[in-house]
Amino acid sequence: MNPDLEKLVRLHHVDSDLKRVESDLAAIPRLRQEIDDRLGRDRSHLEAAKAALEGSQKARKQNEASVQDLETKRSKYKGQLMEVKTNREYTAVLHEIEGVERDIKAREDVILEEMEKAEALGQDVKREEADFKAVEADAKKEKADLDARTATLGAEAQRLGKERDEVAASVPEESLALYRRVAKQRGTGVAEAREGMCQSCHVRMRVQIWVEVRKNDQIFQCESCSRIVFYDPPPPTVTALP
Ligand SMILES: [Zn+2]
């Protein structure tokens, strides 16, 4: 193969590898964000479960305080019962006591309900806590993997960048300028030609050009996409011995 063409092909491979590594690296912050988003969602589930439990406990305490107040009220009425002078007064105070007791009963029912509710909500909190712990452990591991991946890809990008500079420095200025011009315009500067066709733009070459391209001894550009084309002959077939 023409040595300059060979270098350009190598430059093309290194550039492609570098581009892939750089795009993998660029994807990492998004992957990290996805982990944080998942963690955030699970944390909010846990917080919602805790808030529901606290709400129930608070309702229970409020009702317990009310029951205490009502009991004080009832004792006061019972004291009054001893001091009343008339039957009418007696009936009225008794009526008040009945009302307070109804109120106490209603609040005690609510307290029981809230106790049952709190038990179920406590289970929810426990479950959400376990879920969150598992997700948190996964996230930690995934982030450590991403850190390792970042380091590997960073080293790879550095190595490829150095290799690209070395190869580029060995290519004659004119060929390198052509390669860069096409690469800038098309995304890639070199294309493989196979079966008479440019494998990047898929346009068939003229027969006489294809004949020349196959020789790999000059720098040819695809007439359609301008990429520098090369031919990679298939490996020689080994005939099995009888
Ligand atoms: Zn082409």
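This text leads through a predicted model, beginning with the sheet, moving to the helices and the loops, and ending at the largest pocket.

The sheet is open and consists of 4 strands, arranged in the order β2-β1-β4-β3 with mixed pairing. Its edges are formed by β2, residues 197-198, and β3, residues 220-221, each of which pairs on one side only. Strand β1, residues 190-194, and strand β4, residues 228-231, run parallel and are joined by 4 bridges. Two residue pairs may help in locating this part of the sheet on screen. A191 has V229 in β4 as its bridge partner, and E192 stands opposite F230, likewise in β4.

On its other side, β1 meets β2, and here the two strands run antiparallel, joined by 2 bridges. A193 stands opposite C198 of β2. The connection between β1 and β2 is a hairpin with 2 residues between the strands, and E195 in that turn has a positive phi of about 50°. The mixed character of the pairing can thus be followed on β1 itself, with a parallel partner in β4 and an antiparallel partner in β2.

Two helices that pack on the sheet may be considered next. Helix α1 touches β1 and β4, and its direction makes about 100° with that of β4. Helix α4, residues 207-215, touches β1, β3 and β4, with an angle of about 70° between its direction and that of β4. Strands β1 and β4 are therefore touched by α1 as well as by α4, given that contact is taken as heavy atoms within 4.5 Å.

The backbone of the loops on either side of α4 deserves inspection. In the loop between β2 and α4 lies H202, a residue other than glycine whose phi is positive, near 60°. In the loop between α4 and β3 lies N216, which is not a glycine either and has a positive phi of about 60°. Is N216 buried or exposed? With a relative accessible area of 7%, N216 counts as buried, because the limit for that class is under 20%.

The largest pocket has a volume of about 180 Å³. Two elements each give two or more residues to its lining, namely α1, residues 3-83, and α3, residues 173-186. The largest share, 6 residues, comes from α1. The complete lining comprises H12, D15, S16, L18, K19, E22, R164, Y179, A183, G187, T188 and G189. Sorted by class, these are 3 nonpolar, 5 polar and 4 charged residues.

Among the lining residues, H12 offers a way back from the pocket to the sheet. H12 lies in helix α1 and is buried, with a relative accessible area of 11%. Which residues does H12 contact, leaving aside its neighbours within four places in sequence? The contacts of H12 are Y179, T188 and V190. Of these, Y179 and T188 also belong to the lining of the largest pocket, while V190 falls within the residue range 190-194 of strand β1. The residue H12 thus links the description of the pocket lining with that of the packing of α1, a helix that touches β1 and β4 of the sheet.

Key: Residues numbered from 1 in each chain as written. Predicted model: local features only at pLDDT ≥ 70, side-chain atom pairs only at ≥ 80, totals over all residues. Heavy atoms only, no water. 1 Å grid on protein atoms, 1.4 Å probe; cavity = no way out; pocket = protein on both sides within 12 Å on 5 of 7 lines; lining within 4 Å. Points joined across faces, edges and corners; volume = space filled by probe spheres on them. Nonpolar A, V, L, I, M, F, W, Y, C, P; charged D, E, K, R; others polar. Pairing = 2+ DSSP bridges. Axes fitted to C-alpha atoms, helices over the stretch in contact; angles between N-to-C directions. Buried < 20%, exposed > 50% of the residue type's maximum accessible area, 1.4 Å probe, protein only.
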